[in-house]
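User: I would like to learn how to read a protein model feature by feature. Please take me through this one, with the general idea before each case.

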Amino acid sequence: ERHLIFPIIPYRRHKPSIVKNYIISKYFRNSEALFSMQEIRFHGRGGQGTVVASILLAKAFFNAGYWVQAFPVFGVERRGAPVEAYLRLDKDKILIRSNVYTPNHVVVQDIKLLESVDVTAGLKPGGWVLVNALRQPQNLKIFSGFHLAFVDATGIAIRNRLGTHTHPIINTAMIGAFTRMLEMPPLDLIFDAIKEDITVKPQQNIMASKDAFERVQLIGMIN
C-alpha cells in the first residue's frame, strides 16, 4: 500500500512567505532498523530549479522504499532571489512537520550564496556540503568539520542545453552529483523521476544527471 499527498500549506517565517509542502509517503514492509532519518537542505536561487531538485530526489527515494517529505520555503518570489528547499527521508513513517533546522547534508546550487548565506548553519558535524562550482571553493574555513564535494553543474547544464548561458537549469545535474556523493538513491531511480516529471528535454536532463554523477569531486572531510 502506498499513497502520494501534495498539500499546499501557508507558512510565515519573519516575513510573509508561502510554503508548498510536498509530502510523499510509502508503506515499507522491511524497514532497516539501523537507518536514522536524514534531512537535506537545498540552497539556490529562483529560476535554478531548486524546488524541483528536492521533489525529484524525494520521488527517487520514494521509489527506493523510503518515506519522504519535500517542501520549499520562498522569501521574495522572483528570479534570482534566494530559495530554500528541504527533504526528509526515513525507513519509517515521518511524523514531524516542521522546517529542517539541523540537516544532515546541504546542497548549494549557487556558489555566490556562500558570500551572503550561512549555508552550514545547523549542519550536523561530518555532514556533506555539495556545491555547484567550477573548481574547489577557495575559502575552506566555512566547511571545517564537514565533508565537501563540488561539481560544475552550470557547465554541465550549458553543455546539455538546459536553460541558457545566463540562466542554466542545474537541478538535474545537482541531484546526479548528490546520488554519487551519498551513494543513494540508485542513479536509475533518478532517471525514472526525471522521465516522470520533466517534460522539457527529458533526455538532456538525464544526461546532465549522469554527467554530474561521473564528474563530481568528492574532497572529503575539511579539518
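Analyst: Start with a helix and its covered residues. In H1, the buried residues are Thr50, Val51, Ala53, Ser54, Ile55, Leu56, Leu57, Ala58, Lys59, Ala60, Phe61 and Phe62. That is 12 of the 14 residues of H1, so the helix is mostly covered, a residue being counted as buried under 20% relative accessible area. Keep in mind that this is a predicted model.

User: What span should the 14 residues of helix H1 have at 1.5 Å a residue?

Analyst: The expected span is 20 Å, and the end C-alpha atoms of H1 (residues 50-63) are 20 Å apart, which agrees. Just after H1, Gly65 has a positive phi of about 105°.

User: How many helices and strands are there in the protein, and what share of its residues is buried?

Analyst: The protein has five helices and 11 strands. Of its 223 residues, 52% are buried. Among contacts with a separation of 6 or more, 63% are between residues 24 or more positions apart. The accessible surface is about 11100 Å², and carbon and sulfur atoms hold 54% of that.

User: How do I read a pair of aromatic rings?

Analyst: Such a pair is described by the distance of the ring centres and the angle of the planes. The count here is two aromatic pairs. One of them joins Phe61 and Tyr66, with 5.3 Å from centre to centre and 90° between the planes, which makes it edge-to-face. Phe61 counts as buried because its relative accessibility is 0%. Tyr66 is buried too, at a relative accessible area of 8%.

User: Which charged end sits over the ring of Tyr66?

Analyst: That of Lys91, 3.8 Å from the ring centre. The charged end of Arg180 is placed over a ring as well, that of Phe213, at 5.8 Å from its centre.

User: Is helix H3 largely enclosed or open, and why?

Analyst: It is largely enclosed by the rest of the structure, because 11 of its 12 residues are buried. The buried set includes Asn171, Gly176, Phe178 and Leu182. H3 (residues 171-182) reaches 17 Å from its first C-alpha to its last, close to the 16 Å expected.

User: Take one residue of that helix. What does Phe178 touch?

Analyst: General idea first: residues three or four places apart in an α-helix point the same way, because there are 3.6 residues a turn. Contacts are then listed with neighbours within four places in sequence left aside, and for Phe178 they are Ile40, Leu57, Phe61, Val107, Leu130 and Met184. At 1% relative accessibility, Phe178 is counted as buried. Its C-alpha atom is 9.6 Å from that of Val151, 27 residues apart along the chain.

User: Which elements do the buried residues of H4 pack against?

Analyst: They pack against H1, H3 and helix H5 (202-215). The buried residues of H4 (residues 187-197) are Leu187, Leu189, Ile190, Phe191, Ala193 and Ile194.

User: Which backbone angles deserve a second look?

Analyst: Most residues other than glycine have a negative phi, and most peptide bonds are trans. In this model the peptide bond from Met184 to Pro185 is cis, with omega near -10°, and Pro185 lies in the loop between H3 and H4. Just after H3, Glu183 takes a positive phi of about 60°. Arg161, in the loop between helix H2 (153-159) and H3, has a phi near 60° and counts as exposed because its relative accessibility is 64%. Lys201, in the loop between H4 and H5, has a positive phi of about 50° and is partly exposed at 35%.

User: How do the strands S5 and S7 run relative to each other, parallel or antiparallel?

Analyst: They run antiparallel, and eight bridges join S5 (residues 38-45) to S7. One residue to look at is Arg41, whose bridge partner in S7 is Tyr86. S7 (residues 82-90) is mostly covered, with eight of its nine residues buried.

User: Finally, a loop residue. Where is Gly126?

Analyst: Gly126 is in the loop between strand S8 (105-108) and strand S9 (128-132). Its relative accessible area of 23% makes it partly exposed. Beyond four places in sequence, Gly126 touches Gly145, Phe146, His147 and Met221.

Technical notes
Residues are numbered from 1 along each chain as its sequence is written. This is a predicted model: local features need pLDDT of at least 70, side-chain atom pairs count only at pLDDT 80 or more; totals for chains, interfaces and linings use all residues. Side-chain values use heavy atoms; hydrogens and water are left out. Rings of Phe, Tyr and Trp (its six-membered ring) pair if their centres lie within 6.5 Å; planes under 30 degrees apart count as stacked, over 60 as edge-to-face and the rest as tilted. Buried means under 20% relative accessible area, exposed over 50%, partly exposed in between (1.4 Å probe, protein chains only). A charge sits over a ring if NZ of Lys or CZ of Arg is within 6 Å of the ring centre and within 35 degrees of the ring normal. Helices (H or I, at least four residues) and strands (E, at least two) are DSSP runs, numbered from the N terminus. The expected span of a helix is 1.5 Å times one less than its number of residues. Contact means heavy atoms within 4.5 Å. Accessible areas come from the Shrake-Rupley method with a 1.4 Å probe; for residues, only the protein chains shown count as cover. Two strands pair if DSSP finds at least two bridges between them.
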